[in-house]
Structures are given as C-alpha cells and as structure tokens.
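Reader: I should like to go through the terms applied to this structure and see the grounds for each. Please show the structure before we begin.

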Amino acid sequence: MEKYTIPAQARIGHIHLKVSDLNRALSFYRDLLGFEVTMMYGKQAAFLSAGGYHHHIGLNTWHSQGMPEAPLEGVGLYHTAIAYPTRRDLALILKRLLEVNYPLTGASDHGVSEAIYMDDPDGNGVELYWDKPREQWPVEADGSLTMYTRALNVRDLLHEAEKEPAH
C-alpha cells in the first residue's frame, strides 16, 4: 500500500456520544459548558454547537437509555478534548466549574497546551484546553515535540479570568 498523508487542513468535525439520560447530558454540555442546541431529534438525541456550526457534539440514547456510566477500564473513548481560543477563555470556564463545585479529575500543563479534566455525567472523560502559541512549544533540536505532563498552576490560570479580554 502506498504511503498516504492526511491533508494538513483536515480536522475532527464532531463527536457523537451515547448517553444514558439526555436531559442530564444536556445539563452538562448545554447548561454548564455553554454549548447551544442546534437541533433536537425527538426526545432521544440532541445536537449542540459552539458559534453556530451545525454541531460539534451529538448526544443520543438510541442504544444507551438508562445504562450505567462508561467503564474506566476497557477500550473506548478516553476523552473528548474541547479547545478554547484563549487562556482567558479556559480560565473563565474553570472559574465557572469551581463555582458550581463540579468535580475535576486533573489539571495539566503539557508544554504545548494547558488543560483541565473532568468526567461528564455518563463517565466520559472531557478535556478543556487551550493551545499555547506554537513558538512556545517545547521541541528537540530535530524539531520533534517534547510534550510533557506537569501539574497546572491553577491559581495562575484563574488570574487570567480577572483580566480584561484582548480586543
């Protein structure tokens, strides 16, 4: 088979999750994280968006209504990663999560990005992050990335929420 390289402009378009309770999932993705519902498909599915896209997140109960949460062990989705445009935007959602005492599972500096982690109500991992400017990414002499995982200075990140937005 001939070598193939995906086009650089390719991107992940959306995620579609099986959930056990659609209203509970909407409370998390719509009410807490702020996604907008673009369409309801009866009482079994919802499609949500940031900024008017047709959907970034699909939620359905077609094969999962009332089922237990996703198991920690085994194959499947590790987490959904939602990219925020600025560090301040990440700080604002972190502040919101802390204000409602939503349980976090981690907060990391990966060199290329800063991230906070949690589980949605069905036990699916969720990462909220922002990418640092490319010129700050840690690289080896040959140009390869040297990503790492270090504890995120959450207090420093929260100071970003107090700053005026850049124009």
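Author: The following exchange sets the values for the chain against the definitions behind them.

Author: This is a predicted model, in which local features need pLDDT of at least 70 and side-chain atom pairs count only at pLDDT 80 or more, while totals for chains, interfaces and linings use all residues. Residues are numbered from 1 along each chain as its sequence is written, and side-chain values use heavy atoms, with hydrogens and water left out.

Reader: How do you know which elements the chain has, and in what order do they run?

Author: Helices (H or I, at least four residues) and strands (E, at least two) are DSSP runs, numbered from the N terminus. By that rule the chain has three helices and nine strands, in the order β-α-β-β-β-β-α-β-β-β-β-α.

Reader: What makes domain 1 and domain 2 separate entries, and how far apart are their centres?

Author: The bounds come from an automatic or database domain assignment, which gives domain 1 as 12-65 and domain 2 as 78-166. Their centres, taken over C-alpha atoms, are separated by 22 Å.

Reader: How do you know which residues of domain 1 and domain 2 are in contact, and how many are there?

Author: Contact means heavy atoms within 4.5 Å. On that criterion, 14 residues of domain 1 are in contact with 16 residues of domain 2.

Reader: What is meant by the area buried between domain 1 and domain 2?

Author: Buried area is the accessible area (1.4 Å probe) that two parts lose on being put together, summed over both. Here the value is about 1100 Å², and carbon and sulfur atoms give 65% of that area. Phe28, Leu32 and Leu33 supply 49% of the area that domain 1 buries against domain 2, more than any other three residues.

Reader: Why is the pair of arginine 24 and aspartate 122 called a salt bridge?

Author: The term requires a side-chain nitrogen of Lys or Arg within 4 Å of a carboxyl oxygen of Asp or Glu. For arginine 24 and aspartate 122 the N to O distance is 2.8 Å, so the pair satisfies the rule. The count between domain 1 and domain 2 is one salt bridge. Strand E1 (15-18) and helix H1 (22-32) each supply at least two residues of the side of domain 1 that touches domain 2, and H1 gives the largest share, six residues.

Reader: What makes glutamate 99 and lysine 95 a salt bridge, and where do they lie?

Author: Their closest N and O atoms are 3.7 Å apart, so this pair also falls under the 4 Å rule. Both residues lie in helix H2 (residues 87-99), four residues apart, about one turn of the helix.
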